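Student: Could you take me through this structure and explain how each label is earned?
Tutor: Gladly; let us look at it together and set each value against its cut-off.

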Amino acid sequence: AIMAPVAGLLCKYVNKRIITFVGYIFLSVSLLFFGPSELLGFPDSIGLLIFGISFLGMSVIFIFVPLLPEMIE
């Protein structure tokens with residue numbers, strides 16, 4: 001909820017497609033933090049899980065805020 005106004009403000013200055021693309025990249029990275037990542041060699045840690053969930057929330061904001069006006073139309 002804190003990042004939603006930031007993403008909305010960013011939409012005024014940057015193309016919405018770029019923000020959505022960056023959101024999908026962030027989403028892919030955040031999913032690597034869930035559980036023990038065998039790809040990156042991360043241990044099974046609750047701290048990494050909490051970081052992954054919060055990073056996932058931020059990335060979802062960067063996906064849905066630019067697309068919401070188009071969905072309403």
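**Reasons behind the labels**

Tutor: In this predicted model, F62 has a relative accessibility of 9% and counts as buried.

Student: Why is F62 called buried?

Tutor: The word buried is used under 20% relative accessible area, and the 9% of F62 falls under that limit, so the label applies.

Student: What makes T20 buried?

Tutor: T20, which lies in helix 2, has a relative accessible area of 10%, and because this is under 20%, T20 is buried as well. Leaving aside residues up to four places away in sequence, T20 touches F62, I63, P66 and L67.

Student: How do you know that I18 is partly exposed?

Tutor: I18, whose place is in helix 2, residues 16-31, has a relative accessible area of 47%, which lies between the 20% limit for buried and the 50% limit for exposed, and therefore I18 is partly exposed. On the surface, I18 belongs to a nonpolar patch with F21, V22, I25 and V29, and together they have about 410 Å² of accessible area.

Student: How many aromatic pairs does the structure hold?

Tutor: There are four aromatic pairs in the structure.

Student: Why is the pair of F26 and F62 called edge-to-face?

Tutor: The ring centres of F26 and F62 are 6.4 Å apart, within the 6.5 Å needed for a pair, and their planes stand at 75 degrees, which is over 60, so the pair is edge-to-face. This pair links distant parts of the chain, since F26 is in helix 2 and F62 in helix 3 (residues 46-72), 36 residues apart. F26 itself is partly exposed, because its relative accessible area of 28% lies between 20% and 50%.

Student: What makes the pair of F51 and F55 stacked?

Tutor: The centres of the F51 and F55 rings lie 5.6 Å apart, again within 6.5 Å, and their planes are at 10 degrees, under the limit of 30, so this pair is stacked. Both residues lie in helix 3, four residues apart, about one turn of the helix.

Student: Are F51 and F55 buried or partly exposed?

Tutor: F51, with a relative accessible area of 39%, lies between 20% and 50% and is therefore partly exposed, whereas F55, at 16% relative accessibility, is under 20% and so counts as buried.

Student: Which residues do the ring pairs link into a cluster?

Tutor: The cluster linked by ring pairs consists of F26, F33, F51, F55 and F62.

Note on methods
Residues are numbered from 1 along each chain as its sequence is written. This is a predicted model: local features need pLDDT of at least 70, side-chain atom pairs count only at pLDDT 80 or more; totals for chains, interfaces and linings use all residues. Side-chain values use heavy atoms; hydrogens and water are left out. Patches are made of residues with over 30% relative accessible area and no salt bridge: like charges are joined within 9 Å, nonpolar side chains (Val, Leu, Ile, Met, Phe, Trp, Tyr) within 5 Å. Accessible areas come from the Shrake-Rupley method with a 1.4 Å probe; for residues, only the protein chains shown count as cover. A salt bridge is a side-chain nitrogen of Lys or Arg within 4 Å of a carboxyl oxygen of Asp or Glu. Helices (H or I, at least four residues) and strands (E, at least two) are DSSP runs, numbered from the N terminus. Buried means under 20% relative accessible area, exposed over 50%, partly exposed in between (1.4 Å probe, protein chains only). Contact means heavy atoms within 4.5 Å. Rings of Phe, Tyr and Trp (its six-membered ring) pair if their centres lie within 6.5 Å; planes under 30 degrees apart count as stacked, over 60 as edge-to-face and the rest as tilted.
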